[in-house]
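User: Please take a close look at how one part of this model, the fourth helix region, is packed against its surroundings. I would like one connected account, with the cut-offs stated.

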Amino acid sequence: MTVDPNAATQSWPAPEPERGPHPARYLIPALVAAAVAVGLGAYGKVHDPTGTAFNLAGFSSTGAVKSWLATAAFFFALVQLVSALMLYGRLPGPRWSATLHRWSGRVAFLLAVPVAVHCLYALGFQSYESRVLWHSLLGCFFFGVFSAKMLLLRWERLPGWLLPIVGGLVFTALTILWLTSALWFFRTFGVTT
């Protein structure tokens, strides 16, 4: 009998198949998201609103500034959606769609931050009507779920469905935020600068 030295050897007992990460691992981003959302909501509720936080030259009001910044952020969020569909093969796209996705997300976030700062500092968490309550809740939720998405992006071996779900939550929250603020402002006061 001859032994092939290149043959694969079998160990006994057979090794267990490699399993994915434990589901409890996803509790960390969920807890961070909850902490960010609750923290922003608590700050907005206990902080005494100042009425204004900033204004930019060329705009008639802080409402106009916020509405245009939110509209620009929403535009870049739409670019995020289209580029994500390209990345996942749902739409044809160029090789640089990953770069487009990353940079459009960065720009959307940078445009959304001054809007959120103004909302929290100047207006606080308010609930005097349902539109304002939903806007306040979703503003906190948006930054919470965005924080979770940023944490998940750095982790390896994620299930293929997880990032699209979390990214979809970020996009949905930003869309409803835009509808309850910028679109409402433009419909109420007109498209002004």
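Analyst: The answer below goes from the whole chain to the helix packing, then to the loops and the aromatic rings.

This is a predicted model, in which local features need pLDDT of at least 70 and side-chain atom pairs count only at pLDDT 80 or more, while totals for chains, interfaces and linings use all residues. Residues are numbered from 1 along each chain as its sequence is written, and side-chain values use heavy atoms, with hydrogens and water left out.

The protein has 5 helices and 0 strands; these are DSSP runs numbered from the N terminus, with at least four residues of H or I for a helix and at least two of E for a strand. In sequence order the pattern reads α-α-α-α-α. Of the 193 residues, 34% count as buried, where buried means under 20% relative accessible area, exposed over 50% and partly exposed in between, for a 1.4 Å probe and protein chains only. Among contacts with a separation of 6 or more, 74% come from residues 24 or more positions apart; a contact means heavy atoms within 4.5 Å.

Helix 4 packs against helix 1, helix 3 and helix 5, and each pair can be described in turn. Two packed helices are described by the angle between their axes and the distance between the axes. The axes are lines fitted to C-alpha atoms, for helices over the stretch in contact, and the angles run from 0 to 180 degrees between N-to-C directions.

With helix 1, the angle is about 150° and the axes are 7 Å apart. Helix 1 is therefore roughly antiparallel to helix 4, since angles over 145 degrees count as roughly antiparallel, under 35 as roughly parallel, 65 to 115 as roughly perpendicular and the rest as oblique. Their crossing is right-handed, meaning that the near helix is turned clockwise from the far one by less than a right angle; anticlockwise would be left-handed. On the helix 1 side the contact includes Pro29, Val32, Ala33 and Val36, and on the helix 4 side it includes Cys140, Phe141, Gly144 and Leu151.

With helix 5, the packing angle of helix 4 is about 150° and the axes are 9 Å apart. That also makes helix 4 roughly antiparallel to helix 5. Here the crossing is left-handed.

Helix 3, residues 97–123, packs on helix 4 at about 140°, with the axes 12 Å apart. The two are therefore oblique to each other, and they cross in a left-handed sense. His101, Phe109, Ala112, Val113, Ala116 and Cys119 of helix 3 touch His135, Phe142, Phe143, Phe146 and Lys149 of helix 4. Phe143 is one of the helix 4 residues that also meet helix 1.

The loop between helix 4 and helix 5 holds Arg157. Most residues other than glycine have a negative phi, and most peptide bonds are trans. Arg157 has a positive phi of about 55° although it is not a glycine.

Next come the rings. The structure holds 12 aromatic pairs. In one of them, Tyr26 and Trp155 have ring centres 6.4 Å apart and planes at 35°, so the pair is tilted. Rings of Phe, Tyr and Trp (its six-membered ring) pair if their centres lie within 6.5 Å, and planes under 30 degrees apart count as stacked, over 60 as edge-to-face and the rest as tilted. Tyr26 sits in the segment before helix 1 (27–46) and Trp155 in the loop between helix 4 (130–153) and helix 5 (162–189), so that this pair links parts of the chain 129 residues apart. Trp155 is partly exposed, at 23% relative accessibility.

In helix 5, Phe185 and Phe189 form another tilted pair, 5.0 Å centre to centre with 40° between the planes. The two are 4 residues apart, which means a separation of about one helical turn. Phe185 is buried, at 9% relative accessibility. Ring pairs join Phe185 and Phe189 with Trp68, Trp184 and Phe186 into a cluster.

Trp184 also has a charge over its face: Arg131 lies there, 3.8 Å from the ring centre. This term requires NZ of Lys or CZ of Arg within 6 Å of the ring centre and within 35 degrees of the ring normal. Arg106 is placed likewise over the face of Trp103, at 4.6 Å from the ring centre.
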